Amino acid sequence: MFEKERAELAESLRRKGIKNEEVLRAIGAVPRHEFVNKTLWHLAYNDSPLPIGSQQTISQPYTVAFMTEMMDVKKGNKVLEIGTGSGYQAAVLVEMKVRVYSVEKEFDLYKETNRLLQTLGYPVATRYGDGTIGWNEFSPFDGIIVTAGAPALPETLKRQLKPGGRLVVPVGDRVAQKLYVVERLNETDFAERVIPGFKFVPLIGKEGWDN
Ligand code: SAH
């Protein structure tokens with residue numbers, strides 16, 4: 001179902017500048033409509049965010065592709081996602097043969113999405129709770145992707161990166177954010193790249209917004 005729309009979505013992301021072939025292949029493979037309500041299926045392959053309940057959204061496909069490309073992960077790598085939401089970003093990573101650990105703070109979303117990912121055959125280790133403090137038990141990670149906007153760089157997440165690993169996180173106010181790509185160079189040093197022009201729902205937690 002929707003094979004043609006999916007292929008067209010991947011091609012449109014290529015035209016918008018996404019270069020990583022594995023990312024484009026994954027976008028062309030994951031059935032995005034399965035991650036939204038049936039009443040929104042006709043919009044599922046547009047390059048736009050959509051509501052998923054609990055006042056949250058499934059990110060715009062371009063944003064998913066761009067953040068994944070920036071994280072620069074390879075087959076077999078281990079990634080932590082903060083904000084499981086619909087599960088779409090996690091499924092894109094699994095499609096790239098990445099091992100995914102994902103944390104969600106909304107209990108209903110956590111439960112429903114956990115079930116959906118299982119049904120669709122995407123193995124993702126999910127946890128209910130505050131992801132701003134990471135997932136120490138499984139750290140360090142090759143990549144950490146935060147899919148909600150933080151008020152400042154979450155320091156705990158930086159420390160759960162492997163040397164050479166990258167943290168991709170939107171940082172700003174509640175209205176707009178810049179995307180920070182933080183690479184861990186070694187035990188003590190980090191390099192930062194900042195790309196403006198993003199808009200996420202707020203990251204709420206110990207190293208996020210208060211509410
Ligand atoms: N990656 C998701 C995007 C979901 S929107 C997708 O592909 O659909 C961001 C999600 O982050 C929301 O579900 C929200 O509940 C969650 N979130 C916000 N603050 C969080 C926190 N501190 N820990 C875990 N999840 C959080």
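**A guided tour of the predicted model**

Begin with the whole protein, coloured by secondary structure: 6 helices and 9 strands are present, where helices (H or I, at least four residues) and strands (E, at least two) are DSSP runs numbered from the N terminus. This is a predicted model, in which local features need pLDDT of at least 70 and side-chain atom pairs count only at pLDDT 80 or more, while totals for chains, interfaces and linings use all residues. Residues are numbered from 1 along each chain as its sequence is written, and side-chain values use heavy atoms, with hydrogens and water left out.

**Overall dimensions**

Along the principal axes, the C-alpha atoms fill a box of roughly 50 × 35 × 30 Å. The radius of gyration is 16 Å, which agrees with the value near 17 Å for a compact globule of 211 residues; it is taken over C-alpha atoms, and the globule rule is 2.2 Å times the number of residues to the power 0.38. Of the 211 residues, 51% count as buried, that is, under 20% relative accessible area with a 1.4 Å probe and protein chains only.

**The nonpolar cores**

Next, select I27, F35, Y88 and L93, which touch the most other members of the largest nonpolar core, a set of 46 residues. Such a core is a set of buried Ala, Val, Leu, Ile, Met, Phe, Trp, Tyr and Cys residues joined through side-chain atoms within 4.5 Å. Elements giving two or more residues to this core include α1 (3–15), α5 (107–120), β8 (177–184) and β9 (190–198). Apart from this core lies another, of 19 residues, among them Y101, W135, I144 and V169.

Return to L93 and display its contacts (heavy atoms within 4.5 Å). Not counting residues up to four places away in sequence, L93 touches T68, M71, V73, V79, V98, V100 and I145.

**Helix α3**

Two of those partners of L93, T68 and M71, lead to α3 (61–71). Because 10 of its 11 residues are buried, α3 is largely enclosed by the rest of the structure. The buried residues of α3 include P61, F66 and E69. Just after α3, select D72, which takes a positive phi of about 55 degrees.

**Lysine 158**

Finally, move to helix α6 (residues 155–158), where K158 is found. Is K158 buried or exposed? K158 is buried, with a relative accessible area of 9%. Leaving aside neighbours within four places in sequence, K158 is in contact with L153, L167, V182, R184 and F190.

Definitions and conventions
Buried < 20%, exposed > 50% of the residue type's maximum accessible area, 1.4 Å probe, protein only.
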